[in-house]
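Here are my notes after a pass through this one, in no strict order of priority. Have the viewer open while you read.

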Amino acid sequence: VRITFLGTGGSFGVPIIGCKCRVCLSTDRRNRRLRPSILVGLDEKNILIDASPDFRLQALENDLKKLDVVLFTHAHADHCLGLDELRIVADRQRRGIPILAGEDTIISLQRMFGYLFESRVWNLDEPKFVTKVIDAPFDLFGLEVMPLPVRHEDMWVFGWRLGGAAYIVDASGVPEAAEQAMKGLEVLIVNALRYEPHAKHFSVGQALELISRVEPKAAFLTHMSHELEYNDLKEELPGNVLPAYDGLVVEI
Ligand SMILES: [Zn+2]
Ligand SMILES: [Zn+2]
Ligand SMILES: [Zn+2]
């Protein structure tokens, strides 16, 4: 399994429009963060988790041409506005793209993108996108995929476990069941917005607490705001935890 970080920023990305802080002005590319998404490669299959508003740039920069399935964590704008950008992928690969998510997320996507779910692959009688509600673990290309419901303030969102890796974003709390389902991970990717607590998102400290309870072999922080400077943060983290950055590839 090959994980590519397509975007590691929060909802504004980094740099933030109009901001002149040290991180937004940094010339270190690891401080430039597009909106959050990862690509999971499994042999010839490409699994996208979330379609960020920056999907087009992310696809161009990572030479991404084909998608076999998209898993969504939830339907907030920073995680799903790139769905429209996937039209061209469906047309070029001459095949529709399955969209898998929890029921609330599917309902929101259908409301936001009604026109997309009526469109067909170019010159074929095949829908561009077909939705499927997920509420239990399932097999995807030989990999066990498990939805992990976690708290995002007053709503539930899905973390996803794919084999030995888990991707948790926009979590503000992880219930016991999800924590148990994360045992034995090779890689845990978890959101850490900033140092100070936030109602909707884990802080760095809260992310580290989760990591120490779940005990993955390695962990990566993502969904980071401009308050986190890559090199400073890297220095402060325990040895098995790293800040992710756009373009980072992790093989497990
Ligand atoms: Zn800034
Ligand atoms: Zn959110
Ligand atoms: Zn978010």
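1. In what order do the strands of the open sheet run, and is the pairing mixed? Going across, the order is β6-β5-β4-β3-β2-β1-β14, which makes 7 strands, and the pairing is indeed mixed. Keep in mind that this is a predicted model.

2. Now the edges of that sheet. β6 (129-133) and β14 (249-251) each have a single partner strand, so one side of each has no neighbour in the sheet. On average, neighbouring strands are turned by 20° against each other, ignoring direction.

3. For a close look at one pairing, take β3 (residues 45-49) and β4 (residues 69-71). These two run parallel and are joined by 3 bridges. One residue to click on is L48, whose bridge partner in β4 is V70. As a reminder, strands of a sheet pair through backbone hydrogen bonds, either parallel or antiparallel.

4. On to the metals, starting with the zinc ion (ligand 1). Its donors are the SG atoms of C19, C21 and C24 plus ND1 of H226, at 2.1 to 2.3 Å. The angles among the 4 donor atoms come out at 105 to 113°, and the site is tetrahedral. Along the sequence the donor residues are spaced C-x1-C-x2-C-x201-H.

5. Two of those cysteines fall on either side of a cut-off. C19 has a relative accessible area of 18% and is buried, while C21, at 24%, is partly exposed. The line between the two classes is drawn at 20%, so I'd read the labels along with the numbers.

6. The zinc ion (ligand 3) has as protein donors D78 (OD), H79 (NE2), D170 (OD), D170 (OD) and H223 (NE2), lying 2.1 to 2.6 Å from it. D170 also coordinates the zinc ion (ligand 2), and the two ions are 3.8 Å apart. H79 sits in helix α2 (residues 77-80) and H223 in the loop between β12 (218-222) and α8 (230-236), so this pair ties together parts 144 residues apart in sequence. Both histidines, H79 and H223, are buried.

7. Last, helix α4 (residues 103-112). Which of its residues are buried? They are T105, I106, S108 and L109. Viewed down the axis of α4, they fall within an arc of 165° and so line one face of the helix. Covering these residues are, among others, α2, β5 (97-101), α5 (114-117) and β6. On the face turned away from the buried side you'll find E103, D104 and R111, which are exposed.

Notes: Residues numbered from 1 in each chain as written. Chains lettered and ligands numbered in written order. Predicted model: local features only at pLDDT ≥ 70, side-chain atom pairs only at ≥ 80, totals over all residues. Heavy atoms only, no water. Donors = N, O, S within 2.8 Å, 3.2 Å for Na, K, Ca; no water. Tetrahedral: all angles 85-135°; square planar, octahedral: opposite > 155°, others 65-115°. Buried < 20%, exposed > 50% of the residue type's maximum accessible area, 1.4 Å probe, protein only. Pairing = 2+ DSSP bridges. Helix = DSSP H or I, 4+ residues; strand = E, 2+ residues; numbered from the N terminus. Axes fitted to C-alpha atoms, helices over the stretch in contact; angles between N-to-C directions. Arc of directions from axis to C-beta. Contact = heavy atoms within 4.5 Å.
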